[in-house]
Structure formats: C-alpha cells, structure tokens
Amino acid sequence: MEKNKALFSFIRIGISVIVILVVVYLGVKLSLVAYDFGYRVFTETAVDEAPGRDALIQVKEDMSEHDIAKLLEEKGMVRDANLFYLQLKLSIYSGKEVPGVYTVNSSMTPKEIMAAISPEQETETLETESTSAIIDTENTQTGQEDYSADDDFPADESDAAAEDNADAAGEE
C-alpha cells in the first residue's frame, strides 16, 4: 500500500512538472510572437526593394479598413493584412480612406500606402505646412518676430508717449 501511495505521489508530481513546463513554454512562445508583431507595427518595411512592382487597388465605398488590408495582402503589397489593419487603425489615416482606384507599389512602406489611399489627409498636411511656411516668410520679410503670450512685447513709441502724457496729467 505504501508503494502505491509513493508511486501515485511521484506520478502526480511528474504530471504537475510537465504541465508547468508546457505552460511556461507556451507563455514564452506567445510572448515572442506578440513582441514580433508589436515591433513590426512600428518598423514594417516595404515588401520589395525599389523599383518594386505596381498594382491597381480599387477602394470601394462599402469596404472596411480590414477589407482594404486583405486586398493589399492579396495583391502582394503588404506582408500581413492584420498588421496593416492595426497600423492603419493606429495612424492618422484611420477612417480617411477615399474610394477610388490607386496605383501602389510593392516598394512603398505601409505608411506611404496609407497616404496614397487617403489623399485628403495628405492634402491637409501639405496645406498646413504651406501655410506655416507662408506665415514665416511674411514675418521675415516684414521684420516681424513671433511672440508668445508670456513674452514682453516691445513698447511702441506712441504707447510710451501716451503713458508719459497720462503721468503728466495725473501730476497736475
């Protein structure tokens, strides 16, 4: 009877150790896959080196972002549809895809592809940059400087004269 108890305890401990090892192994594998996926979200490169190959992509009005990602994967423009979908969701281009036919190239990065299928966002960014450049150019040409709300503005000569007149009037 003692032998049976000892054998049963030994088997139970052995099974527990095996279960723990399997759980640790699966945890490590899952961690590596998750890390690789997360790393690729921010560092994904183009599928091919330049010049790559062109493909026509038709974005329809009823297509979801995941449908667009699957289409790009089918055409060989991105490596992983799920990865591209996540990149698109995390980008400024999310929800701004415009229906139409676009030529994309396999040497384009995912961000460049997103910009190509979201021309409104690209235009807004360019307009903002152009407006800033125009304002900077005008200020440089007129000799104006940029001041923040916390900066002391240089006193205008007419302001100084008005203050002197007010002080003189107050003394009399």
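Is Ser107 buried or partly exposed? In this predicted model, Ser107 counts as partly exposed because its relative accessibility is 24%, and a residue is called buried when that value is under 20%. Let's keep Ser107 in mind and take a look at the whole protein before coming back to it.

## The overall picture

The protein has 6 helices and 2 strands. If you walk along the sequence, you meet them in the pattern α-β-α-α-β-α-α-α. Of its 172 residues, 20% count as buried. The accessible surface comes to about 12900 Å², and carbon and sulfur atoms account for 58% of that area. Now consider contacts between residues at least 6 apart in sequence: 63% of them join residues at least 24 apart.

## Back to Ser107 and its surroundings

You can find Ser107 in the loop between β2 (100-105) and α4. Ser107 and Ala50 are 57 residues apart in sequence, yet their C-alpha atoms are 5.2 Å apart in space. Leaving out residues up to four places away in sequence, Ser107 touches Ala46, Asp48, Glu49, Ala50, Pro51, Gly52 and Glu112.

Two of these partners deserve a second look. The peptide bond from Ala50 to Pro51 is cis, with omega near 10°. As a reminder, most peptide bonds are trans. Pro51 sits in the loop between α1 and β1 (54-59).

## Helix α3 and its buried face

Which residues of helix α3 (residues 81-90) are buried? They are Ala81, Leu83, Phe84, Gln87 and Leu88. Looking down the axis of α3, you would see these buried residues fall within an arc of 160°, so they line one face of the helix. They pack against α1 (2-43), α2 (65-74) and α4 (110-117). At the start of α3, a side-chain oxygen of Asp80 comes to within 3.0 Å of the backbone nitrogen of Asn82.

## Salt bridges

The count of salt bridges comes to 5. Here are three of them, with their N to O distances:

| Side chains | Distance |
|---|---|
| Glu44 and Arg40 | 3.1 Å |
| Glu44 and Arg79 | 3.0 Å |
| Glu65 and Lys89 | 3.0 Å |

The Glu44 and Arg79 pair links distant parts of the chain: Glu44 is in the loop between α1 and β1, while Arg79 is in the loop between α2 and α3, 35 residues apart. Glu44 is buried, with a relative accessible area of 15%, whereas Arg79 is partly exposed at 41%. Together, Arg40, Glu44 and Arg79 are linked in a network of salt bridges.

The Glu65 and Lys89 pair also links distant parts of the chain, with Glu65 in helix α2, Lys89 in helix α3 and their positions 24 residues apart. Glu65 counts as buried because its relative accessibility is 9%, while Lys89 is partly exposed, with a relative accessible area of 42%. The side chain of Glu65 also makes a polar contact of 3.3 Å with the side chain of Ser94. Apart from neighbours within four places in sequence, the contacts of Glu65 include Tyr85, Leu88 and Gly95.

## A nonpolar patch on the surface

Finally, let's turn to the outside. Leu7, Phe10, Ile11, Ile15, Val19 and Val23 form a nonpolar patch on the surface, and together they have about 610 Å² of accessible area. One of them, Val19, lies in helix α1 and counts as partly exposed at 47% relative accessibility.

Technical notes:
Residues numbered from 1 in each chain as written. Predicted model: local features only at pLDDT ≥ 70, side-chain atom pairs only at ≥ 80, totals over all residues. Heavy atoms only, no water. Buried < 20%, exposed > 50% of the residue type's maximum accessible area, 1.4 Å probe, protein only. Helix = DSSP H or I, 4+ residues; strand = E, 2+ residues; numbered from the N terminus. Arc of directions from axis to C-beta. Contact = heavy atoms within 4.5 Å. Polar contact = N/O pair within 3.5 Å; in protein donor to acceptor, adjacent residues only side chain to side chain. Patch = residues over 30% accessible without salt bridge, like charges linked within 9 Å, V, L, I, M, F, W, Y side chains within 5 Å. Areas by Shrake-Rupley, 256 points an atom, 1.4 Å probe, with all protein chains shown as cover. Salt bridge = Lys/Arg side-chain N within 4 Å of Asp/Glu carboxyl O.
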